[in-house]
Amino acid sequence: MSRQPILYILTCSPLVLMLAAWVKVYWAREWKWRNAFALIALSVVTVNAIYGAGTFLYYESGPPSHLPPWKDPEILDLGLLSLLAPFGMILGGVAAFMGAPKWLTYIVEIASLPLLAVGLMAGSAV
């Protein structure tokens, strides 16, 4: 099996999940101040998902790089997700502790897992 579809799924599916979560949040519109932390967690993970998908799509649209992994900017940029994804996961856990809706914290955590996996794989390639 080719590596391209798997990478598209791992990098772009969190962004689709985040967009669906924002649509659900917009339709609910019954937010209290205790749920403000959940919106912060959702925002952080959305930025991580945009970064992951944007980085992958940007480098896939250009010519292939023939650099070794420790010099390839795509690998180095995707490796940064191993630092950013746990930050979103921690914020999601704190939001759950503060009383955020369970569906929102589940989506935040589930969307952060593929980003963490991509970051760890890219980091181990270096």
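Here are some numbered notes on this predicted model, from the whole chain down to a few single residues.

1. Start with the overall layout. The protein chain has 5 helices and 0 strands. If you walk along from the N terminus, the elements read α-α-α-α-α. For a sense of scale, the C-alpha trace spans about 50 × 25 × 20 Å along its principal axes.

2. Next, look at how the chain meets itself. Take the contacts between residues at least 6 apart in sequence: 77% of them join residues at least 24 apart. So when you trace a contact in the viewer, keep an eye on both residue numbers.

3. What about inside and outside? Of the 126 residues in the protein chain, 33% are buried. The accessible surface adds up to about 7500 Å², and carbon and sulfur atoms account for 74% of that surface.

4. Charges are worth a quick look too. The protein chain has 7 positive and 6 negative charges, and the mean positions of these two groups lie 14 Å apart.

5. Now for the largest nonpolar core. This core has 21 residues, and the members that touch the most others are M18, L42 and L104. Which helices each supply at least two of its residues? They are α1 (3-28), α2, α4 (81-97) and α5 (102-125). Helix α5 gives the largest share of this core, with 7 residues.

6. W22 is a good residue to find in the viewer. W22 sits in helix α1. Is W22 buried or partly exposed? W22 counts as partly exposed, because its relative accessible area is 30% and buried would mean under 20%. Leaving out neighbours within four places in sequence, W22 is in contact with L39, L42, S43 and T46. Notice L42 in that list, which you have already met in the core. The side chains of W22 and T46 are also joined by a polar contact of 2.8 Å.

7. Move on to T55, which belongs to helix α2 (residues 36-61). T55 is buried because its relative accessible area is 8%, and the cut-off for buried is under 20%. Setting aside neighbours within four places in sequence, T55 is in contact with I50, D77 and L78. How far apart are W22 and T55 in space, C-alpha to C-alpha? The distance is 21 Å, with their positions 33 residues apart in sequence numbering.

8. Y59 is also found in helix α2. Y59 counts as partly exposed because its relative accessibility is 22%, whereas buried would need a value under 20%. Not counting neighbours within four places in sequence, Y59 is in contact with P73, E74 and D77. One of these, P73, is 14 residues away from Y59 in sequence and 8.7 Å away in space, C-alpha to C-alpha. With D77, the side chain of Y59 makes a polar contact of 2.9 Å. D77 turns up among the contacts of T55 as well, so it is handy to display T55, Y59 and D77 together.

9. Last comes D72. At a relative accessibility of 10%, D72 counts as buried, because the cut-off is under 20%. Leaving aside residues up to four places away in sequence, D72 touches S65 and L67.

Definitions and conventions:
Residues are numbered from 1 along each chain as its sequence is written. This is a predicted model: local features need pLDDT of at least 70, side-chain atom pairs count only at pLDDT 80 or more; totals for chains, interfaces and linings use all residues. Side-chain values use heavy atoms; hydrogens and water are left out. Helices (H or I, at least four residues) and strands (E, at least two) are DSSP runs, numbered from the N terminus. Buried means under 20% relative accessible area, exposed over 50%, partly exposed in between (1.4 Å probe, protein chains only). Contact means heavy atoms within 4.5 Å. Accessible areas come from the Shrake-Rupley method with a 1.4 Å probe; for residues, only the protein chains shown count as cover. Lys and Arg count as positive and Asp and Glu as negative; His and the chain ends are not counted. The place of a charge is taken as NZ of Lys, CZ of Arg, CG of Asp or CD of Glu. A polar contact is a pair of N or O atoms within 3.5 Å; within protein, one must be able to donate a hydrogen and the other to accept it, and residues adjacent in sequence count only if both atoms are side-chain atoms. A nonpolar core is a set of buried Ala, Val, Leu, Ile, Met, Phe, Trp, Tyr and Cys residues joined through side-chain atoms within 4.5 Å.
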